[in-house]
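User: I am new to this structure and would be grateful for a guided discussion of it. Please take my questions one at a time.

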Amino acid sequence: MYILGIDKSPFSTSLQSNIDPLAMGFYCTAVVVTALLLLSISAKLPVVVVVAKDYRVGGTDGWTFGPDFLQWSEQYNFTVGDVLTFNYVKGQHNTYEVTEDAYKACDGGKTIPPLRVYASGNDVVNLTRAASYYFLCNIKGHCLGGMKLNITVAANATPTPTPSGGNTPPPPPPSPPLPPESRGNRGAMLGKWWWGCAALVFGIFTSLY
Ligand SMILES: [Cu+2]
């Protein structure tokens, strides 16, 4: 046991402490983290982060001859909100979004009109529908040479909202205030720290709800 001249606890400013403040700090942190974990589990908080992804078609090669676009697309699960970028040297290729039939026939408009045409060299396609998308390059021979891409875009996985009414855990019961004569002993200091932790946890709970 050792005596500290300075008590780092914000809840008791003028007391000598025989409890290591660092250890109590860790203890308090553990209590708060555990409380937050229990809260998120019991309230079934949707801890789902939906991030739209930007895919460069064909990887580092881009939209050109060489990449196996089927193999490339099979690496990913495309979802609504994602973005495809077709990168190529402008003029050497283009990007036609077409129907399934046109895709199968490598028809960029000969008999089946394309849905959309891009030719910027940096064509950005926002995947806004949960559907199959079909693309091809309409430069003669390129689609037959492999410059075609078919992907299936899935709906965004939106978490099912769960009613939280009545499901909120009650705040932990605060420890009773301590009589002055017991100050300085270990039990009293522990009580003070519990009080501080309880106040902190309660503060976090109330800020969440
Ligand atoms: Cu091409």
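User: In which loop is asparagine 94 found?

Analyst: This is a predicted model, and the answer is read from its assigned elements. Strand S3 covers 83–87 and strand S4 covers 95–98. Asparagine 94 is found in the loop between S3 and S4.

User: Is asparagine 94 buried or exposed?

Analyst: A residue is counted as buried if 20 or more other C-beta atoms lie within 10 Å of its own. Asparagine 94 has 23 other C-beta atoms within 10 Å, so the residue is classed as buried.

User: Which residues is asparagine 94 in contact with, leaving aside its neighbours within four places in sequence?

Analyst: Asparagine 94 and methionine 147 are 53 residues apart along the chain, and their C-alpha atoms are separated by 9.8 Å. Methionine 147 is not listed among the contacts of asparagine 94, which are Val117, Tyr118, Ala119, Cys137, Asn138 and Ile139.

User: How many helices and how many strands does the protein chain have?

Analyst: From the N terminus on, the elements run α-β-α-β-β-β-α-β-β-β-β-α. The protein chain thus has a count of four helices and eight strands.

User: What is the order of the strands in the open sheet of five strands?

Analyst: The pairing in this sheet is mixed. S2 and S8 run parallel and are joined by two bridges, whereas S7 and S8 run antiparallel with five bridges. S4 and S5 are antiparallel as well, joined by three bridges. The order is S2-S8-S7-S4-S5.

User: Why is one side of S2 and of strand S5 left without a neighbour in the sheet?

Analyst: S2 has phenylalanine 78 standing opposite valine 153 in S8, and S5 has arginine 116 opposite glutamate 97. S2 and S5 stand at the edges of the sheet, so one side of each is left without a neighbour there; the reason is that each has a single partner strand.

User: Which residue in S8 is the bridge partner of leucine 136?

Analyst: Strand S7 comprises residues 132–136, and S7 is joined to S8 in the antiparallel sense. The bridge partner of leucine 136 in S8 is lysine 148.

User: Which residues have the most contacts inside the largest nonpolar core?

Analyst: In soluble globular proteins, nonpolar side chains tend to be buried together. The largest nonpolar core here has 20 residues, and those with the most contacts inside it are Val98, Phe135 and Leu136.

User: Which element gives the most to this core?

Analyst: At least two residues of the core come from each of S3, S4, helix H3 (100–105), S7 and strand S8 (148–154). With four residues, the element that gives the most is S7.

User: Which residues is leucine 136 in contact with, leaving aside its neighbours within four places in sequence?

Analyst: Leucine 136 belongs to the residues with the most contacts inside the largest nonpolar core. Its contacts under this condition are Tyr96, Val98, Tyr103, Cys106, Gly108, Cys143, Met147 and Lys148.

User: In what order do the three strands of the other open sheet stand?

Analyst: S1 and S3 run parallel and are joined by three bridges, while S3 and S6 pair in the antiparallel sense over five bridges. The pairing is therefore mixed, with strand S1 (54–56) and strand S6 (122–126) at the edges. The order is S1-S3-S6.

User: Which side chains of S3 point to one face and are buried?

Analyst: Side chains alternate along S3, and Val83, Thr85 and Asn87 point to the other face and are not buried. Two of these have opposite residues in the sheet: Val83 faces asparagine 126 in S6, and Thr85 faces arginine 56. The buried side chains are Leu84 and Phe86.

User: Which residues is aspartate 61 in contact with, leaving aside its neighbours within four places in sequence?

Analyst: Aspartate 61 lies in the loop between S1 and helix H2 (69–73). Aspartate 61 is partly exposed, with 15 other C-beta atoms within 10 Å. Its C-alpha is 8.5 Å from that of asparagine 87, 26 residues apart in sequence. The contacts of aspartate 61 are Gly66 and Pro67.

How values were computed
Residues numbered from 1 in each chain as written. Predicted model: local features only at pLDDT ≥ 70, side-chain atom pairs only at ≥ 80, totals over all residues. Core = buried A, V, L, I, M, F, W, Y, C linked by C-beta atoms within 7 Å. Buried ≥ 20, exposed ≤ 12 C-beta atoms within 10 Å, placed from the backbone. Contact = placed C-beta atoms within 7 Å. Pairing = 2+ DSSP bridges.
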